[in-house]
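Visitor: I am new here and would like to know how the labels for this protein are earned. Could you show it to me?

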Amino acid sequence: MKGSSMNTHMGNIVINNEVIAQYAGSVAVECFGIVGMAGVSMKDGMAKILKKDNLSRGINVSLNNNRLTLDFHVIVAYGVSIIAVSDNLISSVKYKVEEFTGIHIEKINIFVEGVRVID
């Protein structure tokens with residue numbers, strides 16, 4: 001099990017990276033301008049929108065020196081500022097994931113895999 005751990009006065013707490021990715025994905029899709037998380041097929045290089053139960057596949061979580069690094073693969077809405085959407089995503093995810101896990105986020109990388117028109 002790959003997980004992020006922290007020591008407390010009562011013992012060790014281990015949070016599976018899949019749990020962190022799932023929570024971060026649910027926070028991300030609530031952000032304005034994010035259409036969804038992207039799953040990139042290595043075979044054909046195409047990005048597709050992941051369903052709600054697969055949100056964590058669009059996120060990579062790594063832990064170095066008790067600091068998290070999150071990589072997001074997202075699809076944004078057509079006509080919105082990618083910079084504004086990215087800033088909003090970073091601030092929302094940083095605050096909520098740090099509050100949820102108690103682990104400091106060192107870096108959030110955002111990879112825009114596509115743009116979609118919202119009906």
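Guide: Gladly! Helices are DSSP runs of at least four residues and strands are runs of at least two. Read along the sequence of this predicted model, the pattern is β-β-α-β-β-β-β-α-β. That comes to two helices and seven strands.

Visitor: What makes tyrosine 23 and phenylalanine 100 a stacked aromatic pair?

Guide: Ring centres must lie within 6.5 Å, and planes under 30 degrees apart count as stacked. Here the centres are 4.0 Å apart, with 15° between the planes, so both conditions are met and the pair is called stacked. The count by this rule is one aromatic pair.

Visitor: Which parts does the pair tie together?

Guide: Tyrosine 23 lies in helix H1 (residues 17-29) and phenylalanine 100 in helix H2 (residues 82-101), so the pair links parts that are 77 residues apart in sequence.

Visitor: Why is tyrosine 23 called partly exposed?

Guide: Buried means under 20% relative accessible area and exposed means over 50%. Tyrosine 23 has 25%, so it falls in between and counts as partly exposed. Phenylalanine 100, at 43%, counts as partly exposed too.

Visitor: Where is valine 112 found, and why does valine 112 count as partly exposed?

Guide: Valine 112 is in strand S7 (residues 104-116). Its relative accessibility is 34%, so it is also partly exposed. Along with Tyr78, Ile82, Val115 and Val117, Val112 forms a nonpolar surface patch with about 490 Å² of accessible area together.

Visitor: How many of the 119 residues are buried, as a percentage?

Guide: Buried residues make up 36%.

Technical notes
Residues are numbered from 1 along each chain as its sequence is written. This is a predicted model: local features need pLDDT of at least 70, side-chain atom pairs count only at pLDDT 80 or more; totals for chains, interfaces and linings use all residues. Side-chain values use heavy atoms; hydrogens and water are left out. Patches are made of residues with over 30% relative accessible area and no salt bridge: like charges are joined within 9 Å, nonpolar side chains (Val, Leu, Ile, Met, Phe, Trp, Tyr) within 5 Å. Accessible areas come from the Shrake-Rupley method with a 1.4 Å probe; for residues, only the protein chains shown count as cover. A salt bridge is a side-chain nitrogen of Lys or Arg within 4 Å of a carboxyl oxygen of Asp or Glu. Buried means under 20% relative accessible area, exposed over 50%, partly exposed in between (1.4 Å probe, protein chains only). Rings of Phe, Tyr and Trp (its six-membered ring) pair if their centres lie within 6.5 Å; planes under 30 degrees apart count as stacked, over 60 as edge-to-face and the rest as tilted.
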